[in-house]
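Please read this report with the fold open beside the sequence. It goes from contacts to the core, then to the whole chain and a few loop positions.

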Amino acid sequence: MDAKRKILLLIIFIITILIGARLLGVHDYLSVANVKTLFEKELSLSIFLFVVFFSIANLLYIPGWVFLFSAILVLGKIGGGSLTFLAALISCFFSYFVVGLIGHNTLREIDSKIFNKVFSKLDQRPILSIAVLRILFQTNPALNYTLSMSGTGFKNYALGTLIGLPLPVFLYCVFFDFLIQSVKNF
């Protein structure tokens, strides 16, 4: 299958998930009050669902900070940050495998001087490159898709993600906690 067909297949897959979520009414259950109640009653199930929703949302370009903010509201800075970090890691790995199934090496098949130059830099220092990209772009779906379709091995992808993701998650936690505390004290 050529690169254009793989990318088209990926787009169709994402649109199918969006339509399915809309038809099932998933968005109706994602209020802060509903999530807080679920965490209080069923912690293990809540963690599992949080990770699943985060992973699917990340594939669909819903920003991870929405989940982080919600987790801090419900669980506090440390609990919410820890849960979001876990969910972010799993989400990145999930994206790698799902997108990789469809277009593992697709971007390398495109004949482009720009792509070749970028991939040359990525190949020279894959873990450092991915760590820096994670610091800058966190769990951004475009980054996940690009790395998944770049032919980068999972070991380098995982290590770069593990190294680069903690700093931005921590900074977001501090920022969101500050906002939440400021509003409470206002």
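Contact here means heavy atoms within 4.5 Å. By that rule, and leaving aside neighbours within four places in sequence, F54 is in contact with G64, F67, T84, A87, A88, S91 and T139.

This is a predicted model, where local features need pLDDT of at least 70, side-chain atom pairs count only at pLDDT 80 or more, and totals for chains, interfaces and linings use all residues. Residues are numbered from 1 along each chain as its sequence is written, and side-chain values use heavy atoms, with hydrogens and water left out.

**The core**

Buried means under 20% relative accessible area, exposed over 50%, and partly exposed in between (1.4 Å probe, protein chains only). A nonpolar core is a set of buried Ala, Val, Leu, Ile, Met, Phe, Trp, Tyr and Cys residues joined through side-chain atoms within 4.5 Å. The largest such core holds 37 residues. F50, F54, I72, F93, Y145, L147 and Y157 have the most contacts inside it. Two or more residues each come from helix 3 (43–59), helix 4 (64–103), helix 6 (113–124), helix 8 (141–148), helix 9 (154–164) and helix 10 (166–185). Helix 4 gives the most, with 14 residues. In soluble globular proteins, nonpolar side chains tend to be buried together.

**The whole chain**

The protein chain has 10 helices and 0 strands. These are DSSP runs, numbered from the N terminus (helices: H or I, at least four residues; strands: E, at least two). The radius of gyration is 18 Å, close to the 16 Å that the globule rule gives for 186 residues, so the chain is as compact as a globular protein of that length. That radius is taken over C-alpha atoms, and the rule is 2.2 Å times the number of residues to the power 0.38. The C-alpha trace spans about 55 × 35 × 30 Å along its principal axes.

Of the 186 residues, 38% count as buried. Among contacts with a separation of 6 or more, 78% join residues 24 or more positions apart.

**Positions to inspect**

| Residue | Place | Relative accessible area |
|---|---|---|
| A57 | helix 3 | 6%, buried |
| Y61 | loop between helix 3 and helix 4 | 46%, partly exposed |
| Q138 | loop between helix 7 (126–137) and helix 8 | 18%, buried |
| T139 | loop between helix 7 and helix 8 | 7%, buried |

What does A57 touch, leaving aside neighbours within four places in sequence? Its contacts are I62 and F67. The C-alpha atoms of A57 and P141 are separated by 9.4 Å, with the two positions 84 residues apart along the chain count.

Q138 and T139 sit in the loop between helix 7 and helix 8. Not counting residues up to four places away in sequence, Q138 touches L133, L143, L165, P168 and Y172. With near neighbours in sequence (within four places) again left aside, T139 is in contact with F54, N58, G64, A88, C92, R134, N144 and L165.

Which backbone angle deserves a look at Q138? Phi of Q138 is near 45 degrees, a positive value in a residue other than glycine. Y61 also has a positive phi, of about 70 degrees, although it is not a glycine. Most residues other than glycine have a negative phi.
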